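Visitor: I would like to learn how to read a cavity and a sheet. Can you take me through an example?

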Amino acid sequence: MKRDIITVADLTDDELQSIFQRAQNFERITVQERRSLRTKLEGRQCLLLFYEPSTRTRLSFEVAAKTFGMEACVATAESSSVVKGESVEDTAHTCGALGFDLAVMRHPDDGAVAEFAEHFPAPVINGGSGRSAHPTQALLDAYALWKRDLLRDDLRIAICGDVLHSRVARSNVRLLNRFGITPLLVAPKELLPDGFMQKAGTSDAENLQAETQHNLDNVLGELDVIMMLRTQLERHGGLVLIRPKDFIAGYQLNMERLEKLRADAVIMHPGPVVRGSELTDDVMEDKRTIIVEQVAGGVFVRMALIDLLMQQK
Ligand code: CP
């Protein structure tokens, strides 16, 4: 039976552990042992359908697929017939007829990837849908924590910045909750309104757990991990929800705030980073920052997920 990964809720607890172990295994094989995996899925076809810009997700899926010997075909909104009015459903039927073995899709609308998956005959992985979900980002973030033995229920992790518009924040809350972790969401009221958590789930049945806090300086010293988020202006509808100088004053991670973080704290960011907004050059150069490691791990986590889905196909 084909499996689609639209949110992390589509993976069992055993599968989550299996993904981390497989990712670590692929990392060892390709980086340390320099062995080739190109015959593993040789000749299979992977569709990368990206209706929003992407550097990390699209390229790491492409690298992951090609490391297994798959062919990878990329289509963007501008280069596809969506600009002529073709619907998501018809696009799925069209791409399905072309014989792809797997699709990764990113789309600006919350439900579009799930709709595509309903009509596509092979497994579909959500590469980021609207504000609602970015499951492989959460998986690669968790992989970085798992490797440090930090994925335990007493982890004190803050997710800070434009929480309201962030699919990364939602997917991370969803996944961290699976490990008994209650993250702390930190943002100004404009980007973390009252009642946010009640509306953050993808369904009424989803009961996401997070604490909220509007004052970053009050919590910096107690954190094991801080994950900074970009202000996602493309989802603000042209409105100025908070003045940049007010956001910087209250929430930018900079030299002054770095000094309040513990020496063993971990600094994360899903990327892309906007230097001078949510963080400064000092943060990028700080030894506690693992942003590049997150990106590298993303390839192995996506290889692990492809491997899992293609075995079950
Ligand atoms: N983190 C992330 O999804 O980055 P891209 O938009 O570059 O894929």
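Guide: We take the cavity, then the sheet. Bear in mind that this is a predicted model.

Visitor: How many cavities of 30 Å³ or more does a search of the whole structure find?

Guide: A cavity is a set of points where a 1.4 Å probe fits but cannot get out. Here the search finds one of 30 Å³ or more. About 50 Å³ of space lies in this largest cavity.

Visitor: Which residues line the largest cavity?

Guide: The lining consists of Arg56, Gln137, Leu140, Pro270, Gln294, Val295 and Arg302. Two elements give two or more residues each: helix 5 (135-147) and helix 11 (291-312). Helix 11 gives the most, with three residues. By class, the lining has three nonpolar, two polar and two charged residues.

Visitor: Which domains supply the lining?

Guide: Domain 1 (4-134 + 294-312) and domain 2 (135-290) each supply at least three residues.

Visitor: Now the sheet. What is the strand order, and is the pairing parallel or antiparallel?

Guide: Five strands form an open sheet, ordered 7-6-5-8-9, with parallel pairing. Strand 7 (211-213) and strand 9 (266-268) are the edges. Each has a single partner strand, so one side of each lacks a neighbour in the sheet. From one strand to the next, the twist averages 20 degrees.

Visitor: How many bridges join strand 5 and strand 8?

Guide: Strand 5 (residues 157-160) pairs with strand 8 (residues 225-228) over four bridges, in the parallel sense. For Ile157, the bridge partner in strand 8 is Val225.

Visitor: Which strands does helix 5 lie across?

Guide: Helix 5 lies across strand 5, strand 8 and strand 9. Helix 5 runs at about 165 degrees to strand 9. Helix 5 also gives two or more residues to the cavity lining.

Notes. Residues are numbered from 1 along each chain as its sequence is written. This is a predicted model: local features need pLDDT of at least 70, side-chain atom pairs count only at pLDDT 80 or more; totals for chains, interfaces and linings use all residues. Side-chain values use heavy atoms; hydrogens and water are left out. On a 1 Å grid over the protein atoms alone, a cavity is a set of points where a 1.4 Å probe fits but cannot get out, and a pocket is an open set with protein on both sides within 12 Å along at least five of seven lines; lining residues have an atom within 4 Å of a point. Grid points are joined across faces, edges and corners, and a volume is the space filled by probe spheres set on the points. Ala, Val, Leu, Ile, Met, Phe, Trp, Tyr, Cys and Pro count as nonpolar, Asp, Glu, Lys and Arg as charged, and the others, Gly among them, as polar. Domain bounds come from an automatic or database domain assignment. Two strands pair if DSSP finds at least two bridges between them. Axes are lines fitted to C-alpha atoms, for helices over the stretch in contact, and angles run from 0 to 180 degrees between N-to-C directions. Contact means heavy atoms within 4.5 Å.
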